[in-house]
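Got the viewer open? Let's take a walk through this one, selecting a piece at a time and looking at what turns up.

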Amino acid sequence: MKIQPTIPNMLPGEKVILMLHRHGFIAFRFFMIYLFFATLPVIGVWLLANYTTAFADPAGFVYALTVLLYGAYALIWGLLFFITWLNYYLDIWIVTNERIINIAQQRLFYRVVSEQKLYRVQDVTWEMKGVIANLFRFGNVQVQTAGEDDKFVFEHISQPEKVAQTIMSLLESIEKQIGLDKMAEVEGDLGSQAESNPSAGGTKP
Amino acid sequence: MTLSLWLLLIPFGLVFGVWLILSAAAVLKMLRFGFLSRAAVISVFLFISFSVATIVVIFIFLRQVDWSSGVTLGSPEINLPNVNDLKNRLP
């Protein structure tokens, strides 16, 4: 059984359809960078042990300074790695049956949450740019909404064509549902206006 | 000038304090906004384990240091005998 994750301000009857992170290749890329920085102190220890007398006197100044510097380096490395992972993992796009939520975790203390109703979506475009993106099948999906200059961009997500297709099919089903309701609503409004103010519109006898 | 070795612990303590605050903020953020998913909980557990292991290793290595000893900075002071009052006659 699939567990429905809880999302911010979940509406009654709302269901999470897609919960998207960036592609794993993006995580792999930053993992390799941190792996490189993890090997640097190992090389440093090897050089210090073989070519210097830094570790010869365990009670001395050079030894204490080396241990403190290495300790600080390891702690900061671990923290930066965790924060980078946090920024990756908490950067989420959620598509429900009613809305699209964009949670942008840009830095540790900078988080932006924006949402848009699905029926306001006008245009969905997806792109896969570059050799690596085509090889690993990740790319961007742009969701243009009505009356808004800015658009939602799902960046570096896996299988963007399927995501765009899912959003479009959700949109079609909502349009069918909302379209009938809207028609009834507009007709009702016009009818009530005509009753309250017969001279405002229409033709004179 | 001779500096005591324990003075090295002051900048390290400051760095450690800032690290501790940022770590607590990062862990709380992950637990609060990570939907308490398996990946979020495991990553928090791994980070705390790595941090505790690093601190223990640092502590084990630092126990060997003689913190009461000092280090002489610059050229060491030389006490020459004051022959014929030369020290006072030098410009």
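Start with a single residue: does S43(B) count as buried, partly exposed or exposed? Keep in mind that this is a predicted model. Select S43(B) and count C-beta atoms inside 10 Å: there are 19 neighbours, and a residue needs 20 or more to be buried, so S43(B) counts as partly exposed.

While you have S43(B) selected, note that its place is in helix α2 of chain B. Leave aside the neighbours within four places in sequence, and its contacts are W85(A) and M30(B). Draw a C-alpha to C-alpha distance from S43(B) to M30(B): you should get 8.8 Å, for two residues 13 apart in sequence.

**Next stop: the helix pair**

W85(A) takes us across to chain A. Select α2(A) together with α2 of chain B, residues 38-62. Their axes are 10 Å apart and the packing angle is about 175°. That makes the two helices roughly antiparallel, as anything over 145 degrees counts that way.

Now show the side chains where they meet. From α2(A), the contact includes V67(A), G71(A), F82(A) and W85(A); from α2(B), look for S43(B), F47(B), F50(B) and I58(B), among others. Colour this contact by class and you'll find 13 nonpolar residues, five polar ones and no charged ones.

**Zoom out: the two chains**

Select everything in chain A that touches chain B. You should pick up 24 residues of chain A, in contact with 29 residues of chain B. What classes make up the chain A side? Here 21 residues are nonpolar, three are polar and none is charged.

**Chain A on its own**

Hide chain B for a moment. Chain A has four helices and seven strands, and from the N terminus on they run β-α-α-β-β-β-β-α-β-β-α. Of its 205 residues, 18% count as buried. Take the contacts between residues at least 6 apart in sequence, and 49% of them join residues at least 24 apart.

Colour by domain next: domain 1 is 25-88 and domain 2 is 90-190. Where they touch, domain 1 puts in six residues and domain 2 puts in nine. On the domain 1 side, α1 (24-51) and α2 (61-89) each give two or more residues, with the largest share, four residues, coming from α2(A). That side has five nonpolar residues, one polar and no charged ones.

**Into the cores**

Bring chain B back. The largest nonpolar core has 28 residues, and those with the most contacts inside it include F82(A), L86(A), V143(A), F154(A) and A26(B). In chain A, the elements giving two or more residues to this core include β2 (92-96), β6 (138-145) and α4 (160-196), while chain B brings in its α1 (9-33). Which element gives the largest share? It's α2(A), with eight residues. Both domains of chain A give residues to this core, so it lies between them.

Click on V143(A) to see its surroundings. Not counting residues up to four places away in sequence, V143(A) touches I100(A), V121(A), V124(A), K151(A), F152(A) and I167(A).

Last selection: a second, separate core of six residues, including A64(A), V67(A), L68(A) and L8(B). You've already met V67(A), in the contact of α2(A) with α2(B).

Terms used
Residues are numbered from 1 along each chain as its sequence is written. Chains are lettered from A and ligands numbered from 1 in the order in which they are written. This is a predicted model: local features need pLDDT of at least 70, side-chain atom pairs count only at pLDDT 80 or more; totals for chains, interfaces and linings use all residues. A residue is buried if 20 or more other C-beta atoms lie within 10 Å of its own, exposed if 12 or fewer, and partly exposed in between; C-beta atoms are placed from the backbone. Two residues are in contact if their C-beta atoms, placed from the backbone, lie within 7 Å. Domain bounds come from an automatic or database domain assignment. Ala, Val, Leu, Ile, Met, Phe, Trp, Tyr, Cys and Pro count as nonpolar, Asp, Glu, Lys and Arg as charged, and the others, Gly among them, as polar. A nonpolar core is a set of buried Ala, Val, Leu, Ile, Met, Phe, Trp, Tyr and Cys residues joined through C-beta atoms within 7 Å. Axes are lines fitted to C-alpha atoms, for helices over the stretch in contact, and angles run from 0 to 180 degrees between N-to-C directions. Angles under 35 degrees count as roughly parallel, over 145 as roughly antiparallel, 65 to 115 as roughly perpendicular and the rest as oblique.
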